[in-house]
Amino acid sequence: MTRSELLKKTVLEEQVYKQIGIAVMESLNYTLPVRITFWKADNLVNNIGIVSKVDRKMKDLILDLLNGEIRIELDWIIAVERYNHD
């Protein structure tokens, strides 16, 4: 199954978008770690880090990882959840 076929099947409801937004902003404002699931080269990828910047104009965010940072387009994001490493 291709990425475009899966994306068509992955319809996020408004409530899910709100939950993603809340988790991203909590990570940004309170430096809480999150796990972000997103598309990269037709594969789903999970990364854990702290959101350091959200750029609404460029429609992306920067996630600080232990070994650097990555830029993720907001349209690629499937899920964001708080990460507890207990």
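In the predicted model, the second largest pocket holds about 190 Å³ of space. Its lining is formed by P33, I48, G49, I50, D64, L65, L66, N67, Y83 and H85. Strands β2, which spans residues 43-55, and β3 each contribute at least two residues to this lining. The largest share, three residues, is supplied by β2. When the lining residues of the second largest pocket are sorted by class, six are nonpolar, three are polar and one is charged.

The pocket belongs to a chain of 86 residues, of which 23% are buried. Two helices and five strands are present in the chain. Along the sequence, these elements follow the pattern α-α-β-β-β-β-β. Among the contacts in the chain with a separation of 6 or more, 44% are accounted for by residues 24 or more positions apart.

The largest nonpolar core consists of 12 residues, namely I20, A23, V24, V34, I36, F38, V51, L61, L63, I72, I77 and V80. At least two residues of this core come from each of α2 (14-30), β1, β3 and β5 (77-82). The surroundings of one core member, L61, were examined further. With residues up to four places away in sequence left out, L61 touches V24, I36, V51, K53, V54, I70, R71, I72, L74 and I77. Several of these partners, including V24, I36, V51, I72 and I77, are listed in the largest nonpolar core.

Strand β3, which covers residues 60-65, also contains D60. The relative accessibility of D60 is 5%, and D60 therefore counts as buried, since the limit for a buried residue is under 20% relative accessible area. The side chain of D60 is joined to that of R71 by a polar contact of 2.9 Å. Not counting residues up to four places away in sequence, D60 touches K53, V54 and D55, as well as R71, I72, E73 and L74.

K59 precedes strand β3 and is placed in the loop between β2 and β3. In contrast to the buried D60, K59 has a relative accessibility of 51% and so counts as exposed, the limit for this class being over 50%. Outside the residues up to four places away in sequence, K59 touches E73 and L74. Both of these residues are also touched by D60. K59 and L74 are separated by 15 residues in sequence, while their C-alpha atoms are 5.5 Å apart in space.

A further polar contact involves strand β1, which comprises residues 34-40 and includes T37. T37 has a relative accessible area of 16% and is therefore buried, as this value falls under the limit of 20%. A polar contact of 2.5 Å connects the side chains of T37 and N46. Apart from residues up to four places away in sequence, the residues touched by T37 are L44, V45, N46, W76, I77, I78 and A79. One of these, I77, is a member of the largest nonpolar core and is likewise touched by L61.

Note on methods. Residues numbered from 1 in each chain as written. Predicted model: local features only at pLDDT ≥ 70, side-chain atom pairs only at ≥ 80, totals over all residues. Heavy atoms only, no water. Helix = DSSP H or I, 4+ residues; strand = E, 2+ residues; numbered from the N terminus. Buried < 20%, exposed > 50% of the residue type's maximum accessible area, 1.4 Å probe, protein only. Polar contact = N/O pair within 3.5 Å; in protein donor to acceptor, adjacent residues only side chain to side chain. Contact = heavy atoms within 4.5 Å. 1 Å grid on protein atoms, 1.4 Å probe; cavity = no way out; pocket = protein on both sides within 12 Å on 5 of 7 lines; lining within 4 Å. Points joined across faces, edges and corners; volume = space filled by probe spheres on them. Nonpolar A, V, L, I, M, F, W, Y, C, P; charged D, E, K, R; others polar. Core = buried A, V, L, I, M, F, W, Y, C linked by side-chain atoms within 4.5 Å.
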